[in-house]
Amino acid sequence: MNNIKKIVWFIVALPIIGIISSCDDFLDVDHYFDDTLKYDSVFASRKNLEKYLWGAAGELPDESAIFGDDVTPGVTASDEIFTLMKQDLFHGKALTLGEVSPSNLCSMNSWDPAYKVIRKANMILARIGECKDITPLQRAELIGYTHFLRGYAYYFILMNYGPAVIVGDLVFDNNQDASYYERQRSTFDETVDYICSEFELAAQNIPADAPILNFGRPTKGAAYALIARVRLHAASPAFNGGLAAYRYFGNWKRKSDGVHYVSQTYDERKWALAAAAAKRVMDMGRYTLHTAERVYSKPGGDATEVTPELPENVSNADFPYGAGNIDPLKSYTNMFNGTTYPVQNKELIWGKYSDKIRDYTRQSFPIYMGGYNAMCLTQKVIDAYLMQDGKTIEEARATGEYSETGNSRVLKYFSGYRLLRGTYNMYVNREMRFYACVGFNGCYWPATSCTNTDVRNQTVYYYKGGNAGPQTAGSSQQEQNQCITGYVLKKYIHPEDNWYNGNGATRVNKVFPIIRYAEILLSYAEAINHLQSSHTVTLPSGQTYTFSRNSNLEDMLFAFNQVRFRSGLPALKPEQYTSENAMDEQIKRERFIEFLCEGRRFYDVRRWGTYEEEENVPISGMNVNAGLNDGYYTRTIMTHSDYRNRVVDKKTVFLPIERNEILKSRLLDQNPGW
């Protein structure tokens, strides 16, 4: 079944009847055509052509492989996760340890697969007219998907390697002299424009909706949303002139003509382009933030499911103008743990079923429940979560609402969550996304699919001698299975999930959000925030927008506050958005928390030009080598060699191009620092 997993997001693009003649026939798709087969057979029928297209799609990296088996750096290369697991499986970790080089990409090479896909896409576009048993509508749709595929291949290059070698529609002949294949890289901005043009072409012909049976197929909205992501990336400080662009790329010029690969001149209009791209998605009227209905207390009802009352400073208006009619915890967590059926989730602009996400939840479970105890969140993540009334922990500490001493004396049930009596006060009265995502010392794990009472309805402890903590001398527990920070990721874990071997233990299937509407809202807010003057943008699809920060301030706040309200938090106060810098701080915190372990953080800190600053913050957690009453709740900087050997180097804004690729062409410049 591995081939199905690799091409899951395009499998569903195949019509259910008439394309797949048999399961075995489809499973052989990788071998059905190879580069030595005469291409006449590819274009002899629609069936063959579609097989060729979907097979090409399967050669791109799996977007949901963000923890291990990662072809792109994933979350183990960011400041979200610290794990003692080995880098031969957690490839992003190899980047943080300085083991990646042009001669050893540590299994993170998406350059070669991307260009193989591009070549196949070009072949399709060049010869699709030869396919006769196809209607004009089917041909147009296949052309649209081919442009999407080609744009997406270049997107992988841009995000991970920067400027691409753009080959246009060229299909390279075989057996030519080496000089025939030599091409130089385009600039960063040229690459961005080309990717966006491909997605624009795709959006003209692919459907706006994917039928239920075709969940996972990219749509017009997916194409537009990826344009919004790419435009925001290009407008950001590291790629848009100014100090960050100079620090990272000031000396990086193309050898052939001395042109800067990354522009050293700030262009505010790039923010307007990003705002327009996001607003177009918003104006489609197809997407909303995922919400779950508020559960009220009633006679005979389940009191543990009741939605808690909102803090006084949170609007009680109906969503999206407040949080009065929604359950903030379920609104967030049900998107990720498998509760919400994906086609019912209007926030999911593009997503996919993911065995990778489901299987890597095992890394969070304690060993005695069949897990590996190793997907550890950092204290930095814990501290970033707000209090339930929107205060930072620093603000709440000043008012006495937050404490790092003592324990809760009250057992609380809310929204199906159980916060036990004795919970450390650091973890009390936090915002709902905290409880959706964080497994802390004394956290309750239902794990109800298993009938063994020893591994269901569990309270998990990470202190020395605790049921999930470092064990006593002589224990067989491996070092890599230590929850080194005292926190694990629970974001993708359903209350039924259990990894115990036997007794009915199962895991609910997961859906990975490749891009969701919350990102569009926060991207729009970020783009508007940086507009000091007015800009008018006309998009290729015909929409015209005029933006400035002053004129669109209310729109900016409405977009941003929707994400806050969904989490049960109050709207921003004037002092938090009046200045550009204050609002920028709010946006960066919100993206850190909202997209925790979705694969965005690695790219965000790089595009902001804050990578070195953020990664140089010491990785810390609780003192897991201490007993519960002997100092466990002490902030402790990691002393393990995997932390001491971490490398923070600005060259890792991009991965290196493999040395063999550089040697093939005198015109191909390596990424800076490599």
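**Warm-up.** Is E59 buried or partly exposed?

Start with the ground rules. This is a predicted model, where local features need pLDDT of at least 70, side-chain atom pairs count only at pLDDT 80 or more, and totals for chains, interfaces and linings use all residues. Residues are numbered from 1 along each chain as its sequence is written, and side-chain values use heavy atoms, with hydrogens and water left out.

Next, the cut-offs: buried is under 20% relative accessible area, exposed is over 50%, and partly exposed is in between (1.4 Å probe, protein chains only). E59 has 24% relative accessibility, so E59 counts as partly exposed.

**Exercise 1.** Work out what E59 pairs with, and where the two partners sit.

- Step 1: take the salt-bridge rule, a side-chain nitrogen of Lys or Arg within 4 Å of a carboxyl oxygen of Asp or Glu.
- Step 2: the side chain of E59 meets that of K116 at 3.8 Å, N to O, which makes a salt bridge.
- Step 3: the pair links distant parts of the chain, with K116 in helix α7 and E59 in the loop between α5 and β1 (81-82), 57 residues apart. Helices (H or I, at least four residues) and strands (E, at least two) are DSSP runs, numbered from the N terminus.
- Step 4: K116 is partly exposed too, at 38% relative accessible area.

**Exercise 2.** Check the span of α7 and find its packing partners.

- Step 1: α7 covers residues 111-127, which is 17 residues.
- Step 2: the expected span is 1.5 Å times one less than the number of residues. For α7 that gives 24 Å, and the helix reaches 25 Å from its first C-alpha to its last, close to expectation.
- Step 3: the buried residues of α7 include W111, Y115, I118 and M123.
- Step 4: the buried residues of α7 pack against α5 (46-57), α8 (136-161) and α25 (659-664); contact here means heavy atoms within 4.5 Å.

**Exercise 3.** Compare the settings of two more salt bridges, E50 with R46 and D604 with R591.

- Step 1: E50 and R46 meet at 3.9 Å, N to O. Both lie in helix α5, four residues apart, about one turn of the helix.
- Step 2: why might such a spacing suit a pair? An α-helix has 3.6 residues a turn, so residues three or four places apart point the same way.
- Step 3: E50 is buried, at 5%.
- Step 4: in D604 and R591, the closest N and O atoms are 2.8 Å apart. This pair links distant parts of the chain, from α22 (residues 601-607) to α21 (residues 580-594), 13 residues apart.
- Step 5: D604 is buried at 4%, and R591 is buried at 3%.
- Step 6: the full count comes to 49 salt bridges.

**Exercise 4.** Describe the largest cavity and its lining.

- Step 1: on a 1 Å grid over the protein atoms alone, a cavity is a set of points where a 1.4 Å probe fits but cannot get out, and lining residues have an atom within 4 Å of a point.
- Step 2: the structure holds eight cavities of 30 Å³ or more, and the largest has a volume of about 220 Å³.
- Step 3: its lining has 18 residues, with E63, T72, Y155, R600 and Y603 nearest the centre.
- Step 4: α8, β10 (511-516) and α22 each give two or more residues to this lining; α8 gives the most, with five.

Definitions and conventions:
1 Å grid on protein atoms, 1.4 Å probe; cavity = no way out; pocket = protein on both sides within 12 Å on 5 of 7 lines; lining within 4 Å. Points joined across faces, edges and corners; volume = space filled by probe spheres on them.
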